[in-house]
Amino acid sequence: MRENDLPVPLTIVLGTGRCGSTMLSDLVNQDPGALSLSEFFACLDPGAFPDGLLDGPAFWNLLGAPRLKPNVLLSRGVAVPEYRYPIGPGRYPAGKVPALSLMTLPPLTGDPDALHDRIRDEVTSWAPAPASRQYLRLFSWWASSTGRKVVVERSGASLRFLPRLLAYFPGARFVHMYRDGADAALSMSRHPLFRLGVLIGDMRAELGVDPYRSPDPRHTEQLPERLRPFAPDGLDAAALADADIPLVRFGDMWSRATGALRHLADLPPERLLHLSYDAVVADPVPHLTAFGRFAGLTEPDRWAERVADRVDRTRPGAAARLTDRQAEDLRRACAPGTRRLAALVGGTAVPTS
């Protein structure tokens with residue numbers, strides 16, 4: 001298999017986070033001809049895009065090895081909606097959940113442990129190849145073994161992976177899903193992963209490293225008192241929920257994420273679709289149909305009609321309920337990202353008030 005070969009059509013959904021892409025993954029999962037891989041690359045972060053050759057056991061280690069941050073959150077009782085592994089009924093306890101089992105496998109099956117074992121038994125026999133080729137081999141095997149015709153991968157805040165995704169999958173199609181920046185930032189401010197992300201930035205400034213990527217038990221004592229409850233060896237779920245984080249910091253986070261949009265500028269139209277979350281919510285069927293056609297779903301119009309009533313139409317415009325001062329400050333923080341987005345998709349597609 002050459003790296004440019006795609007045995008099954010692959011579509012990768014991109015976004016800043018809190019832009020509606022989780023909803024899209026769940027809708028795609030309702031199409032029996034589509035393999036919807038929710039949070040696949042996010043599950044494997046850090047280390048999702050290694051250099052060099054990987055043999056079967058090394059590739060399986062990449063797929064299966066538990067990652068520190070999500071397992072700390074699970075073991076400390078932080079409720080992350082995207083973490084769908086069944087703690088208790090499942091084989092693995094909080095703190096030891098394999099990477100793929102955390103978010104990607106549970107939406108696909110009632111027995112994620114059995115699917116985990118099937119994947120392990122398949123890939124550990126594979127010959128050495130670059131990770132990009134191993135991923136394509138996995139997607140092809142997974143789709144063919146389940147009777148699926150297309151693969152749609154979607155990870156939250158995946159714009160951070162965009163340069164590597166473009167390099168790894170030069171034949172893939174990309175869907176850029178976007179949302180009004182202020183609404184997305186407000187949603188980030190309520191989500192534990194994005195709240196922790198802001199605080200990790202503060203810890204990195206103090207320590208010089210991300211303590212969740214370079215763990216060291218000495219880090220906690222090296223941090224100022226206000227940040228100690230968020231270090232990995234003593235994460236406090238209540239402190240994370242209650243931390244006073246200015247809303248503008250999430251506007252800055254959203255705006256910085258849009259910096260990766262420059263990498264989309266040279267993609268031809270047949271490989272790139274811009275999809276507005278606000279437009280999907282306002283009128284689901286035509287926009288979901290357009291997505292389905294782009295991604296190669298077998299009957300995109302029928303799929304769109306069938307899943308349209310699953311679209312939550314209550315969420316857009318949340319930032320409009322802020323005070324005038326809050327809204328003004330948040331719009332100012334989002335302004336650089338709003339300009340980037342408008343330049344890429346057209347000004348009329350991006351709310352400005």
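Start by selecting alanine 157: at 18% relative accessibility, this residue counts as buried, because the cut-off for that label is under 20% relative accessible area. What you have open is a predicted model, so treat this as a walk through a prediction. Alanine 157 sits in the loop between β5 and α8 (162–168). Check its backbone while you are there: phi is near 55°, a positive value in a residue other than glycine.

**Stop two: back into β5**

From that loop, step to strand β5, residues 150–154. How many of its residues are buried? Five of the five are, making β5 mostly covered. Show the side chains and you can sort them by direction: Val150, Val152 and Arg154 point one way, while Val151 and Glu153 point the other way. In a regular strand, side chains alternate between the two faces of the sheet.

Now bring in the partners of β5. Strand β1 (residues 10–14) runs parallel to β5, and four bridges join the two. Select threonine 11 and you will find that its bridge partner in β5 is valine 152. Then turn to β2, which pairs with β5 in the parallel sense over five bridges. Here serine 36 stands opposite valine 152.

**Stop three: the whole sheet**

Zoom out and colour five strands in the order β2-β5-β1-β6-β7; they form an open sheet with parallel pairing. Which strands lie at the edges? They are β2 (34–38) and β7 (272–276), each of which pairs on one side only. Look along the sheet to see the twist, which averages 20° from one strand to the next.

**Stop four: just past β2**

Select glutamate 39, in the loop between β2 and α2. Its phi is near 65°, another residue other than glycine with a positive value. Glutamate 39 is buried, with a relative accessible area of 5%.

Move on to proline 46, in the loop between α2 (40–43) and β3 (53–54). A cis peptide bond joins aspartate 45 to proline 46, with omega at about 0°.

**Stop five: the nonpolar cores**

In soluble globular proteins, nonpolar side chains tend to be buried together. To see how that looks here, select Phe40, Leu63, Ile119, Tyr135 and Phe169: these have the most contacts inside the largest nonpolar core, which has 92 residues. Helix α7 (residues 131–145) supplies the largest share of this core, eight residues.

Centre the view on phenylalanine 169. Setting aside residues up to four places away in sequence, its contacts are Leu10, Ile12, Phe41, Ser132, Tyr135, Leu136, Phe139, Phe174 and Arg271. Apart from the 92-residue core lies another core, of 25 residues, with Met23, Val281, Leu297 and Ala304 among them.

**Stop six: asparagine 71**

Next, go to helix α4 (residues 68–75), where you will find asparagine 71. Is this residue buried or exposed? Asparagine 71 is buried, with a relative accessible area of 4%. Its side chain reaches the backbone nitrogen of glycine 95 at 3.3 Å, so the pair falls within the 3.5 Å cut-off for a polar contact. Leaving aside neighbours within four places in sequence, asparagine 71 is in contact with Pro66, Ala94, Gly95, Lys96 and Val97.

**Stop seven: the cysteines**

A disulfide is a covalent bond between the sulfur atoms of two cysteines. How many disulfides does the model have? The count comes to zero, going by sulfur atoms within 2.5 Å. Select cysteine 19, and the nearest cysteine sulfur, that of cysteine 334, is 13 Å away. Cysteine 19 counts as buried, at 1% relative accessibility. For cysteine 43, the nearest cysteine sulfur belongs to cysteine 19, 17 Å away. Cysteine 43 also counts as buried, at 2% relative accessibility.

**Last stop: helix α9**

Finish by selecting residues 181–189, helix α9, which is mostly covered, with nine of its nine residues buried. They are Gly181, Ala182, Asp183, Ala184, Ala185, Leu186, Ser187, Met188 and Ser189. What covers these buried residues? Show the surrounding helices: the cover includes α10 (192–207), α13 (247–257), α14 (277–282) and α17 (324–345).

Methods
Residues are numbered from 1 along each chain as its sequence is written. This is a predicted model: local features need pLDDT of at least 70, side-chain atom pairs count only at pLDDT 80 or more; totals for chains, interfaces and linings use all residues. Side-chain values use heavy atoms; hydrogens and water are left out. Buried means under 20% relative accessible area, exposed over 50%, partly exposed in between (1.4 Å probe, protein chains only). Contact means heavy atoms within 4.5 Å. Two strands pair if DSSP finds at least two bridges between them. Axes are lines fitted to C-alpha atoms, for helices over the stretch in contact, and angles run from 0 to 180 degrees between N-to-C directions. A nonpolar core is a set of buried Ala, Val, Leu, Ile, Met, Phe, Trp, Tyr and Cys residues joined through side-chain atoms within 4.5 Å. A polar contact is a pair of N or O atoms within 3.5 Å; within protein, one must be able to donate a hydrogen and the other to accept it, and residues adjacent in sequence count only if both atoms are side-chain atoms.
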